[in-house]
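Q: I am new to this structure; could you take me through its features step by step?

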Amino acid sequence: MNSAFSPEPSQSVMVMGVTTPQQLDRPPSIAVTPKSNPDAGLAPLLLTVVELLRQLMEAQVIRRMESGALTDTELNRAAESLQRLEAQVLDLCAVFKIDPADLNIELGEVGTLLPKSGGYYPGEHSHSPTILELLDRLLNTGVVLEGSIDLGLAEISLIHARLQVVLTTQPL
């Protein structure tokens, strides 16, 4: 079982700063333990998803602002909502004793989930784009995804789903 995504049995994988040994009989687990608070449970993962979505929405607000598609009232409402959401993420980081920098997942050769510093400005391309930038580009142009998902635990498939999703910022 040797492929680009499956390490050799003797190798370890680095996930969110934690090295986990690989086992042949089951897929690798994903560690979401932040460096700043290993007892935070699923909070870092959930806050990471919320922060990714917040930054994606912010990019879309910027795109619409620049194209003139938002009124001043809509722009003010969106800016206020994004500021409140950012403050709530930071408050929850404080509650769970998580460094907000830990919300940015390092994805190895792929890069990072979020920009490391200086932020991302929609429409500007970097030489090593983050997942945020790639998702923003996909949403801006649109993409159709098809697939199936099997969810389970204890090596038992419990939920099977077939999906066809259209992701775009444009009205359908």
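**Cores, patch and confidence**

A: In this predicted model, the largest nonpolar core has 9 residues in all, namely Leu52, Leu56, Ala59, Ile105, Leu113, Leu114, Tyr120, Leu132 and Leu139. A nonpolar core is a set of buried Ala, Val, Leu, Ile, Met, Phe, Trp, Tyr and Cys residues joined through side-chain atoms within 4.5 Å, where buried means under 20% relative accessible area, exposed over 50% and partly exposed in between (1.4 Å probe, protein chains only).

Q: Which elements give two or more residues to this core?

A: In soluble globular proteins, nonpolar side chains tend to be buried together. Here those elements are helix 1 (43–67) and helix 3 (131–141), and helix 1 supplies the largest share, 3 residues. Apart from this core lies another, of 6 residues, among them Ala43, Cys93, Ile98 and Leu103.

Q: What does Leu114 touch, not counting residues up to four places away in sequence?

A: Contact means heavy atoms within 4.5 Å, and on that basis Leu114 touches Glu51, Leu52, Gln55, Leu103, Asn104, Thr130 and Leu132.

Q: Where is confidence lowest, and where is it highest?

A: Where pLDDT (the predictor's confidence in each residue, from 0 to 100) is low, the predicted coordinates should not be read in detail. In the protein chain, confidence is lowest in strand 1 (residues 12–15), at a mean of 42, and highest in helix 2 (residues 72–95), at 95. Over residues 1–32 the pLDDT is below 50, although this stretch has 35 contacts in the model beyond near neighbours in sequence. The mean pLDDT of the whole protein chain is 79, and 76% of its residues reach 70 or more.

Note on methods. Residues numbered from 1 in each chain as written. Predicted model: local features only at pLDDT ≥ 70, side-chain atom pairs only at ≥ 80, totals over all residues. Heavy atoms only, no water. Helix = DSSP H or I, 4+ residues; strand = E, 2+ residues; numbered from the N terminus.
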